[in-house]
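Take a look at the model below. We will go from the whole chain to one helix, then to a single loop residue.

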Amino acid sequence: MDSSIGRAGLKAVAGICILMLGWLLLAGQALAQGTDPAIQKGLAWLQGQIGSNGQLASEAASPALPMQVRSETATTLKALSATVPAALYAAIDGITPDTTEYLARKALAKQLAGSPNAPALNALVQMQNADGGFGAAVGLQSNPLDTAHALMALAPARTDTTLRALMWLAGSQQANGSWLLQPDSDAVVTTALATQALTPYRDQADAQAALTKARAWLLAQRNTAQTWDDDMRTAQALLAVLPGLDSAASVQPAIDALRASQLADGSWAGDPYTTALALRALWAMAQPNPNQILIQGRVVDGQTGLALSGVSVALNGAQSYSQPTDANGQFEFTNPAPGSYTLSVSQTGFGTVTGAIAAAAGQTLNIGTIALLPISAGATT
């Protein structure tokens, strides 16, 4: 079977959001099942679709392939802290042939289940082409879709194989920020896939540059209703752009449209694949930006232990930031540029405290309580 034939069609790209696994695992399973009525209804419908053999009742009518339906369902259940039936994992592992996408999905499913996935990963590595990319099968030309699938499966271990795949994917990006599978393919879906695959590598300069361009391009593709046309494309695009936004406000119309499309039974179009994507997009809306940097602390009088307000707190490095402490002696720097800084805390009549800190993407750094001693008490810098 040549799985590269017709891969510009919907079935070839329908499973892209399993590649959000790295982000889902990093963000944690913070959203409980009952916090959002739409998610609660959709989750109940999706769980009710799973049969004793691990297959989903409506998967035959889905525009996505059975492997894509099952793996998306497993990923969504895991993200929403729901139980994933062992039969579903078995139904994913039993699908053939072992194309690049299928091997990647099997490895990711085992990762979700906490099972050894080395055999699937080792077989996946054998699929890599000399240029660093991946084709649909051994010997087939590298393409962004299969490279993205492989890249996410390989994300936990940053080997030479992984980094070569990252470089190939970033290098194959179009000048406008998009990725194309074929000249007539759906660039929104392919770009959403590649964006999701690169998200776990956002600390790499090449990946970060590609992500910035891709997300800007995706946001520019919205229609007059500020959606990406149908529910499937909208959910896929949201899963790509949300990790790069400090707030979901700019994509709220798309989120509202997705909510409005949910049927009374809790599903989206009665399709388990679309339902899994939509649920995860609503879940993603509530997650923190994985790129966000947060540096916080509190300043008190070293003799009395009382909070000191109006204390000057500064970050000095390639870029500089400063702010006074609030009435509770607290300070917080949100999203300073990644890099090394000297933190300086000073107040008239008190000694100055300085220290070196390093800020990395996705890091929350709590300095804790900083005690300033009055100069009269013999404070030193």
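The paragraphs below follow that order.

This is a predicted model. The protein chain has 14 helices and seven strands. Of its 381 residues, 52% are buried. Take the contacts between residues at least 6 apart in sequence: 66% of them join residues at least 24 apart. The chain exposes about 15,200 Å². Carbon and sulfur atoms supply 53% of that area.

Now pick out helix α7, residues 118-125. Its buried residues are Ala120, Leu121 and Leu124. Seen down the axis of α7, these buried residues fall within an arc of 95 degrees, so they line one face of the helix. The general geometry helps here. An α-helix has 3.6 residues a turn, so residues three or four places apart point the same way. What covers the buried residues of α7? The cover includes α6, residues 100-113, and α8, residues 144-153.

Next, move to the loop between α5 (86-93) and α6, where Asp98 is found. Is Asp98 buried, partly exposed or exposed? Its relative accessibility is 41%, so Asp98 counts as partly exposed; the partly exposed range lies between 20% and 50%. Leaving aside neighbours within four places in sequence, Asp98 is in contact with Leu103, Lys106 and Met127. With Lys106 there is a side-chain link: a polar contact of 2.6 Å joins the two side chains, Asp98 and Lys106. Finally, compare Asp98 with Ala136, 38 residues apart along the chain. The C-alpha atoms of Asp98 and Ala136 are separated by 9.7 Å.

Note on methods. Residues are numbered from 1 along each chain as its sequence is written. This is a predicted model: local features need pLDDT of at least 70, side-chain atom pairs count only at pLDDT 80 or more; totals for chains, interfaces and linings use all residues. Side-chain values use heavy atoms; hydrogens and water are left out. Buried means under 20% relative accessible area, exposed over 50%, partly exposed in between (1.4 Å probe, protein chains only). Helices (H or I, at least four residues) and strands (E, at least two) are DSSP runs, numbered from the N terminus. The arc is that of the directions from the helix axis to the C-beta atoms. Contact means heavy atoms within 4.5 Å. Accessible areas come from the Shrake-Rupley method with a 1.4 Å probe; for residues, only the protein chains shown count as cover. A polar contact is a pair of N or O atoms within 3.5 Å; within protein, one must be able to donate a hydrogen and the other to accept it, and residues adjacent in sequence count only if both atoms are side-chain atoms.
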